[in-house]
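Could you walk me through this structure in the viewer, one selection at a time? Tell me what to click on and what I should find there.

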Amino acid sequence: MRYIKLSMQYIGRTFFYILEYSILPALVLALMIEPASVYNLLIDFTSSVEKNFLEMWLSATDISWRGVAFLLVGGLMLIIFVSAMSGLFERDMRLGDLSNRHFFARVNNNFLIMLRVFVVMIIILECYGFICSSLIYLWIKVFKAKAIRLALSIISVVLITLLAAIVVSYSILWCPTMVFTGLNGRKAVIAELRLTKGNFWRIFVAVVLPVIPVFSLIYVTNYFDIKILRFIVDLVAYIFFIGYYTVLMFVAYCDISGTDREDLKKKKIWEVNS
């Protein structure tokens with residue numbers, strides 16, 4: 001719970017900055033991509049049973065013209081704004097300077113880092129969708145009873161979701177390690193794995209716990225299928241995901257690595273040295 005608390009405290013102090021940087025990419029994401037496409041296969045299981053594997057896989061991974069548009073437009077926008085937001089948080093935590101100045105300089109400094117993170121994120125999500133859809137399709141073909149099919153599908157998706165959360169927990173410090181230290185991707189992986197060792201469960205709880213109520217709300221709105229309500233909930237969910245996980249990366253990195261948080265001090269670093 002430590003990193004959830006630290007993240008929420010930082011979000012409370014920087015809420016409007018987070019909203020400013022996350023609302024445009026969140027809007028594009030909400031218009032193009034379902035945040036719970038895999039779970040929609042379970043919500044509408046009767047329709048899922050009638051799909052062939054290709055249809056199920058495309059539904060689970062949301063590969064379509066919208067998916068391509070996301071990679072080209074939404075992905076670029078996400079990389080740009082998260083690059084800027086990461087630079088904002090890094091400077092605030094390292095120097096105690098929270099300001100919208102030097103937007104393009106922050107994008108330039110962190111763009112390649114965020115591009116790497118984005119590519120890894122897409123690979124994880126596509127593998128997650130492929131494995132989940134494969135298992136659901138397998139149970140549908142192997143068993144005839146609907147209750148058994150559904151039960152095994154739910155168990156499989158939950159287990160694969162937990163596996164994905166473990167992967168995310170082990171890799172979440174990769175980005176701030178590169179931002180703070182300037183290490184390249186390979187060396188940053190080694191460094192962040194050393195940091196994660198001994199702190200995995202605290203990170204895992206912070207990765208998983210806050211999204212449970214968010215996804216629960218998404219599933220409820222998807223079940224009732226009111227389009228405008230689904231769009232609003234998806235938009236809020238994406239704003240939360242972008243803001244929370246970006247903050248979590250940096251507060252967890254600073255806490256685990258022992259980096260002094262200048263943003264928590266009453267006097268800023270330049271005031272102390274003046």
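Here is a tour in a handful of stops, through a model that is predicted.

**Stop 1: helix 9**

Select residues 185-196, which make up helix 9. The helix has 12 residues and reaches 16 Å from its first C-alpha to its last, close to the 16 Å expected at 1.5 Å a residue.

Now colour Gly-185, Ala-188, Glu-192, Leu-195 and Thr-196, the buried residues of helix 9. Turn the view until you look straight down the axis: these buried residues fall within an arc of 90°, so they line one face of the helix. It helps to recall that an α-helix has 3.6 residues a turn, so residues three or four places apart point the same way. Then check the other side of helix 9, where Arg-186 and Arg-194 are exposed.

What covers the buried residues? Show helix 6 (103-142), helix 7 (146-171), helix 8 (174-181), helix 10 (200-208) and helix 12 (227-257), which are among the covering parts.

**Stop 2: the end of helix 9**

Stay put and pick Thr-196, still in helix 9. Its relative accessible area is 0%, so Thr-196 is buried, the cut-off being under 20%. Leaving aside neighbours within four places in sequence, Thr-196 is in contact with Ser-169, Tyr-170, Leu-173 and Ile-203. Step along to Gly-198, just after helix 9, and you meet a positive phi of about 90°.

**Stop 3: His-102**

Next, go to the loop between helix 5 (65-95) and helix 6, and select His-102. What is its phi? His-102 has a positive value of about 60° although it is not a glycine. For background, most residues other than glycine have a negative phi. Is His-102 buried or exposed? With a relative accessible area of 54%, His-102 is exposed.

**Stop 4: Tyr-10**

Jump to helix 1 (residues 2-32) and pick out Tyr-10. At 0% relative accessibility, Tyr-10 counts as buried. Display its contacts, leaving aside neighbours within four places in sequence: Phe-89, Asp-92, Met-93, Leu-98, Val-247, Val-251, Arg-261 and Asp-263. If you like distances, try Tyr-10 to Asn-100: they are 90 residues apart in sequence and 17 Å apart in space, C-alpha to C-alpha.

**Stop 5: Cys-254**

Keep Met-93 and Arg-261 on screen from the Tyr-10 contacts, and add Cys-254, which sits in helix 12. Which residues does Cys-254 touch? Not counting residues up to four places away in sequence, Cys-254 touches Met-93, Phe-180, Thr-259 and Arg-261. Its relative accessibility is 2%, so Cys-254 counts as buried too. For another distance, draw a line from Cys-254 to Phe-111: they are 143 residues apart along the chain, with their C-alpha atoms separated by 21 Å.

**Stop 6: the second largest pocket**

Finish at the second largest pocket, with a volume of about 260 Å³. Select Asn-40, Leu-41, Ile-43, Asp-44 and Arg-230, which are the closest to its centre of the 13 residues that line it. Helix 2 (37-43) and helix 3 (45-49) are the elements that give two or more residues to this lining. The largest share, 4 residues, comes from helix 2. Colour the lining by class and you should get 2 nonpolar, 6 polar and 5 charged residues.

Notes:
Residues are numbered from 1 along each chain as its sequence is written. This is a predicted model: local features need pLDDT of at least 70, side-chain atom pairs count only at pLDDT 80 or more; totals for chains, interfaces and linings use all residues. Side-chain values use heavy atoms; hydrogens and water are left out. On a 1 Å grid over the protein atoms alone, a cavity is a set of points where a 1.4 Å probe fits but cannot get out, and a pocket is an open set with protein on both sides within 12 Å along at least five of seven lines; lining residues have an atom within 4 Å of a point. Grid points are joined across faces, edges and corners, and a volume is the space filled by probe spheres set on the points. Ala, Val, Leu, Ile, Met, Phe, Trp, Tyr, Cys and Pro count as nonpolar, Asp, Glu, Lys and Arg as charged, and the others, Gly among them, as polar. The expected span of a helix is 1.5 Å times one less than its number of residues. Buried means under 20% relative accessible area, exposed over 50%, partly exposed in between (1.4 Å probe, protein chains only). The arc is that of the directions from the helix axis to the C-beta atoms. Contact means heavy atoms within 4.5 Å.
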